[in-house]
Amino acid sequence: MTLEDFLKQDSEWLKGTGPSANIVMSSRTRLARNIEKLSFSNWADKKQLERVNSIVRDAVRSVSALKNSMFINLKDINEVDRLFLVERHLMSPEHAKDVEYKALVVDPKEMISIMVNEEDHLRIQVMQSGLSLKDCWATINELDNELSKKMSFAYSAKWGYLTACPTNTGTGLRASVMVHMPALVFTNQISKVLEAVAKLGLNVRGLYGEGTEATGNIFQISNQVSLGMSEEDIIDNIERITNQLISREEATRKTILTKNRAELVDRVSRAYGTLKNAHIITSNETVTLLSAIRLGVDLGLVKNLDRRMINELFILTQPAHLQKLENRELNPNERDIKRADLIRGKIK
Amino acid sequence: MCDICGKKDATVHLTEIINDKVTKLHLCEDCAKDKGAEMEEHFGLSDLLAGFADLGVAAEQEIGEKIKCPSCGFTYQDFKKVGRLGCSECYEAFKKHLVPLLKRIHGSERHIGNKVPLTIGKSVKDATTLQELKIGMEKAIQLENFEEAAKLRDKIKEIESKEKATKEEK
């Protein structure tokens, strides 16, 4: 298994399957864990960082869920490869910086990844397609139990799992969903809806761009609180609120389909036309147009494309992916051309 | 041509406003990256934490800043700067200041998760009240960690018999 193999496959979370996959692109759970008696990664010395790295590397070998996974020392791969892993959501942008003792564990399906020596010693992540937080939780819970047999995690009865940043203390759990809500944006309801979500103690941000101006109408919703709530309640809370968002988005889609049909069809068709014919296209424009096409596919307005391929294009059209596909460095102008080529090859 | 290095083609176009003066910059990718690094420094929740780090009793603030974690040498002053702690022992060392902060962030200062690490160790030392010990024991049983459960059971018995003894004295 190499990184090149990833390029040829769709990650598990991109499959466009699972409950409510028309609106919920993916679900993710993440656990922050630290090893007892070793300083947190930002304060640890070389020896301790090396120790964390080797403890995790050894543990991973004997955990069955990680049997065929890769253990990548980030200093051994180049910048484009690191960015490639960030673009595939397997690690955070922060993890791609100052990489000396950092590592990444990834399973062949790209469902599980573990960042080693990010802010916390371990950041375990499980990601799946559609609204599947409960499945993600079951998988990560099991994995965490397995790992905790191999190393002693810093834990206190009072404060739970102890993390480098007090915002993660307690369960160490961050659960999130990536939701595509073009209809709520189209009808200007989105800021109200997001305000309400924030009032319920959840974090909302645009996946691309910031706040309600999110390019591509994709939002990430996650829990803010990790202490004083059980893992199950945190998951349940997000799932309930996400279900509300789904029904609101679905109802709005139906309304638009009858009341603003011409405008909707116009938008989708123009997006289709541009993607099919463009020879130079920026990533921002791509994301905006892919969002429109995705809505078109969901509503049956575009019949010859499927959701999985659109999801794939969101990922493949990013800078590091284009450079990996081309197998050389590309400047932004070259990327805009290559991006358009790639899209024309897929959208016909 | 790039305005900074003057060597490569400019592909990135930036508009900067400094003191109401608008400057347009045309940069090559490499110089833009360097420039960008200055501009997009991540500003996250933890960076805001520094602003809440004074939540502990104001009069004790100065003393608080000098507190050093006996385990890793990290000071509360360091925490105020970076918003991250030095090691897991820092929680205990800075608890006077951290507990109000935890309460502000999470609305709670008490963990009630349903998980304990399978190699517990620490939780036994930490669990002080009878209730905590009982929860710990139940969890250990659920996780089939019977050795741990037995340790906790003994501790519970010990405390209960002590309590009984004090009651009888009265």
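Reader: Which element of chain B has the lowest mean pLDDT?
Author: This is a predicted model, so let's start with confidence, which runs from 0 to 100. Among the elements of chain B, helix α5 (residues 90-93) has the highest mean pLDDT, 94. The lowest mean, 47, belongs to helix α7 (residues 122-126) of chain B.

Reader: Over residues 121-125 of chain B the pLDDT is below 50, so how many contacts does this stretch have beyond near neighbours in sequence?
Author: Residues 37-42 of chain B also have pLDDT below 50, and that stretch has zero contacts in the model beyond near neighbours in sequence. Residues 121-125 of chain B do have some partners there. Leaving out near neighbours in sequence, the count for 121-125 is 12 contacts.

Reader: And chain B overall, what is its mean pLDDT?
Author: In chain B, 64% of the residues reach 70 or more. For the model, the scores are ipTM 0.88 and pTM 0.81. The mean pLDDT of chain B comes out at 74.

Reader: Which element gives the largest share of the side of chain A that touches chain B?
Author: On the two sides, 38 residues of chain A are in contact with 39 of chain B. The elements of chain A that give two or more residues to its side are α4 (133-150), β6 (155-156), α7 (231-259) and α12 (332-346). With three residues, the largest share comes from α4(A).

Reader: How many residues on that side of chain A are polar?
Author: Sort the residues of chain A that touch chain B by class, and six turn out charged. Another 15 are nonpolar. The polar ones number 17.

Reader: How do α9(A) and α10(A) lie to each other, roughly parallel or roughly antiparallel?
Author: Helix α9 (residues 283-298) and helix α10 (residues 307-316) of chain A have axes 10 Å apart and pack at about 170°. Angles over 145 degrees count as roughly antiparallel. So α9(A) and α10(A) are roughly antiparallel.

Reader: How many nonpolar residues does the contact of α9(A) with α10(A) have?
Author: From α9(A) come A:V287, A:L290, A:I293, A:R294 and A:V297, which meet A:R307, A:I310, A:L313 and A:F314 in α10(A). Two of the residues in this contact are charged and no polar ones take part. The nonpolar count is seven.

Reader: What is the handedness of the crossing where α3(A) passes α11(A)?
Author: Helix α3 (residues 79-87) and helix α11 (residues 319-326) of chain A pack at about 125°, with axes 8 Å apart. That angle makes α3(A) oblique to α11(A). As for handedness, the crossing is left-handed.

Technical notes: Residues numbered from 1 in each chain as written. Chains lettered and ligands numbered in written order. Predicted model: local features only at pLDDT ≥ 70, side-chain atom pairs only at ≥ 80, totals over all residues. Axes fitted to C-alpha atoms, helices over the stretch in contact; angles between N-to-C directions. Helix = DSSP H or I, 4+ residues; strand = E, 2+ residues; numbered from the N terminus. Parallel < 35°, antiparallel > 145°, perpendicular 65-115°, else oblique. Left-handed = near helix turned anticlockwise from the far one by under 90°. Contact = placed C-beta atoms within 7 Å. Nonpolar A, V, L, I, M, F, W, Y, C, P; charged D, E, K, R; others polar. pLDDT = per-residue confidence, 0-100.
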